Number of protein chains: 2
Amino acid sequence: MDGYCSSECLDRISSRWRAKIKSMNIKDIVLKQAGLARAAALKLALVPSKDKDAALKSMARALWAKRAFLMSENAKDIAAGKMAGLSAAMLDRLMLNEARVKAMADGILDVVKLKDPVGEIITSVKRPNGLRINRVRTPIGVVAIIYEARPNVTADCAALCLKSGNAVILKGGKEALYSNSAIYKTLKSALKNTKVPVEALQFIDLTDRAAVAELLKLDQWIDLVVPRGGEGLIRFVAENSRIPVVKHYKGVCHVYVSDKADLKMAEEICYNAKVQRPGVCNAAEKVLIHEKAAKKFLPVLAARLSAAGVEMRGDIAARRIVPTLKKATEQDWYTEYLDLILTIKIVKNVQDAVAHINQYGSRHSDAIVTSDHKEAAVFLKGVDSAAVYHNASTRFTDGNEFGLGAEVGISTDKVHVRGPMGLEGLTTYKYEVYGSGQVRS
Amino acid sequence: MDGYCSSECLDRISSRWRAKIKSMNIKDIVLKQAGLARAAALKLALVPSKDKDAALKSMARALWAKRAFLMSENAKDIAAGKMAGLSAAMLDRLMLNEARVKAMADGILDVVKLKDPVGEIITSVKRPNGLRINRVRTPIGVVAIIYEARPNVTADCAALCLKSGNAVILKGGKEALYSNSAIYKTLKSALKNTKVPVEALQFIDLTDRAAVAELLKLDQWIDLVVPRGGEGLIRFVAENSRIPVVKHYKGVCHVYVSDKADLKMAEEICYNAKVQRPGVCNAAEKVLIHEKAAKKFLPVLAARLSAAGVEMRGDIAARRIVPTLKKATEQDWYTEYLDLILTIKIVKNVQDAVAHINQYGSRHSDAIVTSDHKEAAVFLKGVDSAAVYHNASTRFTDGNEFGLGAEVGISTDKVHVRGPMGLEGLTTYKYEVYGSGQVRS
């Protein structure tokens, strides 16, 4: 281990030394931290729920106790962000005040209340040869979370990973480096008198993307990577990782309004899915309308959304009905606006809607509004997305709304976890086999 | 689609044209096939079990009916293999005769008997707001299998993927190109009068690794890659894939013999785990022995294994007890011999055994022999492997032995699937949400 910088030492390094260390040996620093995380993970996997919960409570208390420190460190990020010309919205996401520190601490206490999935016997079979084979839920091991901007992710993800028995390597964005580093130090020192190994929490105190690139090679030490942020970051991770990645690139969510829809319900669902919180991934970006419903429904919807400040775009058929719609381009069908913009298409039938969504959508969340259950089944079975809705807003795709508790993120991947990724998504299983001397013949 | 070569056209291309097409446009060929597979997957996901089973039966019948064709195409591979100087063992693995074709057809009929996992409601919750949220098992979509040598993989994997509702892209090794191509054509033509879309079965009729590299970029069309073969192939896939990969590099499996073991049972388990079929991934490569049991147990084990032709290596302590053991090197602890070689280490206790296995093992299958249940629990909880055994041979890690039916492979990854990967491992889930107009507040 000679020549490596220990994580305690990293903790003490002031920012003016960071540049020097980076140039010294990013690879060794990252490798060292991953090795410590792996060793800690093996210990943490055996820690009982009550001890993990005690550690989480200690973390929550420490955040509140150190709120002045957290806010003063955060002020450095805010100052740097202003210098760098971050938008007001970005600065707002970055900012910590007492209420937000309180919300972070409360978020950890919410995770304490969740059931620990580790140890659950998922299936148990007795084989003809007498072997008892239990499939038992276990932590994954070491999870790396690579994220941007909002500092609360540091606390949320630390709590979820530790509760599910995983060591976690956190790598935040440069905009929040002081804030994230302060939160990390606070959480780590809170672990000191608990049964959770301190090394189970690692924070890469480097802003360089080269550190991410090094991290993504360490498939011997790290079991899973979850990138959270813009599509650029996520594509960088997906293209450079040897470690399995759980991700979603974007949320291009649709609402399809059938000719058999209750049109008042359809209006409320479209309005909610677009307007209630347009900047999130489960907000609707497109509305598809059955050609028989369009003449009656589209003008009503357009009036309602216009009044809410939504810019509307449409295909030729939609613009024939409401000529004030802007002309939709091919690119519009692929685009996640994350804004008060909506594109509308008129379709022939449910099959047409399903085909459009499977071609242009992002496999996130899509809804049908119809009173015909057979038609709903065609949509729900046919649309290849993580969450498919009948007569409800797409906005419900969320760990809490689904009853899973807090989430590390949302997956539009098909393997390991799909949709909201909560505590169970942070586990795997092993087969425990109990015999009495069985050998294979 | 202009300029692409359709898959029907690919079917008709004789080998003398292959080189030319390859140089023309590997990327376009692979892209075209992946696109066809994706479109077919969306249709296949909706095909009921009975229709998938009928298609599988048709495939099994066709293999047997075309056995003369399969064997004559296989003879070309065998001839080329002899020219290329393949070992007798390799040629034997490659060879098809009537019995092996029959076994392939029977293997497909065994898959017919397995329960279709698609459509199973895994969990169902009713939320306080009235939303009913069902987590429903679905096919993954498009699965690519990249494999080497044995031609039966073509039929096995095709059957498992189609039964679980997935389109499959098969890419075999160059040694079996004629055989794999013949099996593929036979299976594909057998789908023609069934409800399973013919395009759900794709075969990359190119031997170039460049074709694999192109395939691994197509994360928009392919949902999962399963490499089966040597460590070199698997590392190439893991390092070059943007698509999630399920894999195992190797099986370095251990048996730990406690001082509290029934030593006769321990002898039988060690013998079986090493000798019964040494060339497979769940065979034991190392035996760890508690220092208090070694003096009595090691000479007995060494005599038994020597008589079976096993070369034994050992650490210093083991060689003090049985001086004829060869000296083990550091590299030995990491090595999967796949041969009648075994390395023996004397350890202080179960914690020592667990630490050794977690450091040097491959997270595949490891066993403890002991009559002490507490000690067994320490081992089973502490060893971070897909399958952990108490008083049984590691040789049972297998889809059939675990009651999962046939398997696509074994995973030592921690995410998506761990251990044998059967039909359920070829599925994912979606959330089907049923509302009555719910919007988010």
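These legends walk through several close-up views of a predicted model with chains A and B.

**View 1. Two copies related by a rotation.** Let us start with how the two chains sit relative to each other. Chain B superposes on chain A after a rotation of 180° with 0.0 Å of shift along the axis, and the RMSD is 0.0 Å. The two copies are thus related as by a two-fold rotation axis. Both copies use the same surface, as 100% of the contact residues of chain B recur in chain A. Which residue of chain B comes closest to the rotation axis? Look for His416(B), whose C-alpha lies at 1.8 Å from that axis.

**View 2. The side of chain B that touches chain A.** Here 56 residues of chain B are in contact with 56 residues of chain A. The elements of chain B that give two or more residues to this side are three helices and two strands: helix 10 (231–240), helix 11 (263–275), helix 15 (373–382), strand 13 (387–392) and strand 16 (427–438). Strand 16 of chain B provides the largest share, 11 residues. If you sort this side of chain B by class, you will find 25 nonpolar, 17 polar and 14 charged residues.

**View 3. A strand pair that joins the two chains.** Strand 16 (residues 427–438) of chain A runs parallel to strand 13 of chain B, and five bridges join them. To find your way along this pair, pick out Gln438(A), whose bridge partner in strand 13 of chain B is Ala392(B).

**View 4. A sheet of 10 strands built from both chains.** This open sheet has mixed pairing, and its strands follow the order 10(A)-9(A)-11(A)-8(A)-7(A)-12(A)-13(A)-16(B)-2(B)-1(B). Which strands stand at the edges? They are strand 10 of chain A and strand 1 (121–126) of chain B; each has a single partner strand, so one side of each is left without a neighbour in the sheet.

**View 5. Strand pairs in the chain A part of the 10-strand sheet.** Begin with strand 10 (residues 326–327) of chain A, which runs parallel to strand 9 of chain A and is joined to it by two bridges. In this pair, Arg313(A) has Lys326(A) of strand 10 as its bridge partner. Strand 9 (residues 311–314) of chain A also runs parallel to strand 11 (residues 341–347) of chain A, with four bridges between them. Here Gly314(A) is partnered by Ile344(A) in strand 11 of chain A. Further along, four bridges link strand 7 (residues 253–257) and strand 12 (residues 365–369) of chain A, again a parallel pair. Val255(A) stands opposite Ala367(A) of strand 12 of chain A.

**View 6. Two helices lying across the 10-strand sheet.** Helix 11 (residues 263–275) of chain A lies across strands of both chains: strand 7, strand 8 (284–290), strand 11, strand 12 and strand 13 (387–392) of chain A, together with strand 16 of chain B. This helix runs at about 165° to strand 12 of chain A. Helix 12 (residues 291–307) of chain A lies across strand 7, strand 8, strand 9 and strand 11 of chain A, and runs at about 145° to strand 8 of chain A.

**View 7. A four-stranded sheet in chain A.** The strands of this open sheet follow the order 5-4-3-6, with parallel pairing. Strand 5 (201–203) and strand 6 (224–228) of chain A stand at the edges, each with a single partner strand, so one side of each is left without a neighbour in the sheet. From one strand to the next, the twist averages 20°. Three bridges join strand 4 (residues 167–171) of chain A to strand 5 of chain A, and the bridge partner of Leu170(A) in strand 5 is Phe203(A). Helix 7 (residues 152–163) of chain A packs on the sheet, touching strand 3 (142–147), strand 4, strand 5 and strand 6 of chain A. Helix 8 (residues 177–190) of chain A packs there too, touching strand 4 and strand 5 of chain A, and its direction makes about 160° with that of strand 5.

**View 8. Helix 7 against helix 8 in chain B.** Helix 7 (residues 152–163) and helix 8 (residues 177–190) of chain B pack at an angle of about 35°, with their axes 8 Å apart. The crossing is right-handed. Helix 7 of chain B contributes Thr154(B), Ala155(B) and Ala158(B), while helix 8 of chain B contributes Asn180(B), Ile183(B), Tyr184(B) and Leu187(B). Five of these contact residues are nonpolar, two are polar and none is charged.

Notes: Residues numbered from 1 in each chain as written. Chains lettered and ligands numbered in written order. Predicted model: local features only at pLDDT ≥ 70, side-chain atom pairs only at ≥ 80, totals over all residues. Contact = placed C-beta atoms within 7 Å. Nonpolar A, V, L, I, M, F, W, Y, C, P; charged D, E, K, R; others polar. Pairing = 2+ DSSP bridges. Least-squares fit on C-alpha atoms with pLDDT ≥ 70 in both. Axes fitted to C-alpha atoms, helices over the stretch in contact; angles between N-to-C directions. Left-handed = near helix turned anticlockwise from the far one by under 90°.
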